[in-house]
Amino acid sequence: MREFDFELSLCAHLEREGRLVSRQLGGAVYGRRVLDTVIVEPGPEFDERAAITPERLPAAAIESSVGPGRARYWKDVFDCHPDRAERAVELAVERGFFERERRGGRTYVRQTTRYPDWVGEIVAIENKPDLDRPGDLESQLRTDVSLALADRVVLATASYVTGAHLNRIPEEVGVWRFDADSGTIDVRREATPLPTDDAGVELLEERPVRADVRIVNPSEKARARRRLAERAYGKGWRSFDYPACERCAPDSDGIPYCQWKDRAVRESDDCGPDCGGYDEDDPPTVDGESLRAERTPWRADPDGRRRRQSGLDRFE
Ligand code: SF4
């Protein structure tokens, strides 16, 4: 089974279980790492977060010292480049997290609500349907464990898992054997909770004779976890395009299944006039947001927390 099919099938399965799931998200602090699949379990104030906006809230807005009380001059409350701050204000206002007002030609901002404590456990899943073609699996998993950005790290595979496989990967990594046809997960090994509140060691580059690493302190890690959770919340897992081809017949989960290739297809790689089965048509319409809202605690259209309409002003 190809990794794309496997990944989408696993995401659909997790979503049907009611989990907040996303895919292809940056999982590094200083290095480069893309996490295949991410689950964010709701924390104590999840409903408050869901009530603000279905979209990602910008990190700079969350990390600024704008509070929900007195409106503050925007330039006084950001500790980043003004262009980034300005973009963050625009997005935060648009998404109902900030409101702004003009006084004496200056823009003042305040939060519509305190940023909630909404992130519970984060699970990072590495998908490797075929364990006989592991690539740099071991090194990736060692990096994920030593950084400990996610609370748990899991390897998901379609392969039969032997003791030798288990011995080759870090013992903290959980192992799931996922059967996409029957939609079942056989937990071959439970994941060990990782010390997300402590400093972590991030592997930046591994060369034959040396490895470049960087220590990530707890506050850097907390910020990175929040950014990861926000991206997961806003993005979900259906971030692919559907091909403009008659042969694409999405299944009940919205997976872009191709009847000609008899598998899920990635529009950008698989589809177009060069494909032998291509039959031009409008792309199928799939309401992935409704599916996500029905199955998980994510809310597609919350009322928001804005107290009054105040967005007509612009920066000066
Ligand atoms: S373009 Fe080819 S791969 Fe894509 S949906 Fe059509 S038949 Fe399938």
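An open sheet of three strands runs in the order β3-β5-β4, with antiparallel pairing. Its edge strands are β3 (72-73) and β4, each of which pairs on one side only. The model described here is predicted.

Strands of a sheet pair through backbone hydrogen bonds, in either the parallel or the antiparallel sense. Between β4 and β5 the sense is antiparallel, and the pairing extends over six bridges. Within this pairing, Arg102 stands opposite Thr107 in β5. The hairpin that joins β4 and β5 has two residues between the strands, and Gly104 there takes a positive phi near 55°.

Helix α4 packs against this part of the sheet. The contacts of its buried residues are with α3 (59-63), β4 (98-103) and β5 (106-111). Which residues of α4 are buried? They are Ala85, Ala88, Val89, Ala92 and Val93. Seen down the axis of α4, these buried residues fall within an arc of 125°, so they line one face of the helix. Turned away from that buried side is a face carrying Arg87 and Glu94, both exposed. After α4 comes Gly96, with a positive phi near 80°.

Helix α1 is mostly covered, with 12 of its 14 residues buried. Among the buried residues of α1 are the charged or polar positions Asp5, Glu7, Ser9, His13 and Glu15. Phe4, Phe6, Leu8, Leu10, Cys11, Ala12 and Leu14 of α1 are buried as well. Just after α1, Gly18 has a positive phi of about 90°.

The spans of the two helices, from first C-alpha to last, are set out below. In α4 the span is close to the value expected at 1.5 Å a residue, and the span of α1 is likewise close to its expected value.

| Helix | Residues | Number of residues | Span | Expected span |
|---|---|---|---|---|
| α1 | 3-16 | 14 residues | 20 Å | 20 Å |
| α4 | 82-94 | 13 residues | 18 Å | 18 Å |

Helix α1 also takes part in the lining of the largest pocket. This pocket has a volume of about 320 Å³. Its lining is made up of 19 residues, and those nearest its centre are Met1, Ser9, Ala180, Asp251 and Ile255. The elements giving two or more residues to the lining are α1 and β13 (263-264). Which element supplies the largest share of the lining of the largest pocket? That share, five residues, comes from α1. Ser9, one of the residues nearest the pocket centre, is also one of the buried residues of α1.

Enclosed space was searched for as well. Over the whole structure, two cavities of 30 Å³ or more are found. The largest cavity has a volume of about 90 Å³. Which residues lie nearest the centre of the largest cavity? They are Cys245, Cys258, Asp270, Cys271 and Cys275, out of 14 residues that line it.

Technical notes: Residues are numbered from 1 along each chain as its sequence is written. This is a predicted model: local features need pLDDT of at least 70, side-chain atom pairs count only at pLDDT 80 or more; totals for chains, interfaces and linings use all residues. Side-chain values use heavy atoms; hydrogens and water are left out. Helices (H or I, at least four residues) and strands (E, at least two) are DSSP runs, numbered from the N terminus. The expected span of a helix is 1.5 Å times one less than its number of residues. Buried means under 20% relative accessible area, exposed over 50%, partly exposed in between (1.4 Å probe, protein chains only). The arc is that of the directions from the helix axis to the C-beta atoms. Contact means heavy atoms within 4.5 Å. Two strands pair if DSSP finds at least two bridges between them. On a 1 Å grid over the protein atoms alone, a cavity is a set of points where a 1.4 Å probe fits but cannot get out, and a pocket is an open set with protein on both sides within 12 Å along at least five of seven lines; lining residues have an atom within 4 Å of a point. Grid points are joined across faces, edges and corners, and a volume is the space filled by probe spheres set on the points.
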